[in-house]
Amino acid sequence: MIPLLAIGFPLYPEQASTISQDVDMLFLFEMAVALFFTVVIFAAVFYFAIRYRRRSPDETTQPLHESHALEIAWTIFPLVVSMAMFGWAGWLYFKNSRPPVGSTELYVVGKQWMWKIQHPEGQREINEMHVPVGRPIKLIMTSEDVIHSYYLPAFRIKQDVIPGRYTTQWFQATKPGKYHLFCAEYCGTLHSAMGGWVYVMEPADYEAWLSGGATVGTMPATGEKIFQRLGCATCHVSQGGGRGPSLVDLFNKPVQMQDGSKVVADEGYIRESILNPNAKIVAGFQPVMPTFQGQVNEETLLQLIAYIKSLGKTEAQPAETAEPGKSKAPAKGPKAP
Ligand code: CUA
């Protein structure tokens, strides 16, 4: 691996995540290819323009000769180069769109014009995000109003946040520090001011930060309170037998629908089921659930989802008793095998 900043020229933002160098290498390669062809093409343009210029007014064009070797060469060579770019970029894209199992999950909500971050342990931040170094962080993101884009240049990640759906992104910070956070999608008057800082901390400092400050309880615990307040529990009886399906051990599992299809109960499915319950009806149940549109905002939805995630294998230990800042259980959640 070449230390790209070794020459001291600030071509790139600081490299502070596990993929930073990979992204920069790809960028450098594409830059080199573009530069190479630019130089070759311009040199050829000038060379031919001078070498084969019209020398007298009555000079006519020479007959053209076809060269199959040349035709094949300039078809094959760019094909190989562009397929290399495609393969390399595809590999990097997939690597960067699949968070490792067991990543710490943080929830991000964008709105005009701020970023709201929730930690499963209950901490909430605005325009700041505290993360531990050396641990994979998965971001589950949405927007309250228009499209924004969560952009962390030092970590080489940028992902649009879109109203009405969840997008995810992950990174693993490699060194403690303070890094820029931007909105990278024009979103109105104060778009340029919609940013902040990411604080990458040593794990011990992060634990200390998590347990400091007043919190209202973990995300699953808050979600459970909302679940009770909205009366969800009257139909979604955890032992089953209610008017709605039990939500225990539901998250990330396939669910059989009335129309015969199967849907994986991910964040998007749960969100849709709360806001538009009749969109997908679970086999064996009636479309009797009212919509909760207008009664829950994006942050509340995420708390409800965090609660439903916690209703997995940890059901024996209710979310309420989870110690804020200590328990990592909600962060992991039940995962499909
Ligand atoms: Cu939000 Cu630009």
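Two strands pair if DSSP finds at least two bridges between them. The model here is a predicted one.

Me: In which sense do strand S1 and strand S5 pair, and which residue of S5 stands opposite valine 108?
Reply: Happy to walk through that! Strand S1 covers residues 104-111 and strand S5 covers residues 136-143. Seven bridges join them, in the parallel sense. Within this pair, the residue of S5 opposite valine 108 is methionine 141.

Me: Which strands are the edge strands of the open sheet?
Reply: Start with the order of the five strands, S3-S2-S1-S5-S8, whose pairing is mixed. An edge strand here pairs on one side only. That description fits strand S3 (124-126) and strand S8 (167-172).

Me: Which helix packs on the sheet, and what angle does its direction make with that of S1?
Reply: Look for the helix that touches S1, strand S2 (114-118), S3 and S5. That helix is H6, and its direction makes an angle with that of S1 of about 160°.

Me: How are H4 and H6 oriented to each other?
Reply: Helix H4 spans residues 219-229 and helix H6 spans residues 298-310. Their axes come within 7 Å and cross at roughly 105°. Angles of 65 to 115 degrees count as roughly perpendicular. Therefore H4 and H6 are roughly perpendicular.

Me: How many residues of strand S4 are buried, and which residue of S10 is opposite valine 131?
Reply: Good one to check in the structure! Strand S4 (residues 128-132) is mostly covered, with four of its five residues buried. S4 runs parallel to strand S10 (residues 196-201), and five bridges join the two. Opposite valine 131, in S10, stands valine 200.

Notes. Residues numbered from 1 in each chain as written. Predicted model: local features only at pLDDT ≥ 70, side-chain atom pairs only at ≥ 80, totals over all residues. Heavy atoms only, no water. Axes fitted to C-alpha atoms, helices over the stretch in contact; angles between N-to-C directions. Parallel < 35°, antiparallel > 145°, perpendicular 65-115°, else oblique. Buried < 20%, exposed > 50% of the residue type's maximum accessible area, 1.4 Å probe, protein only. Contact = heavy atoms within 4.5 Å.
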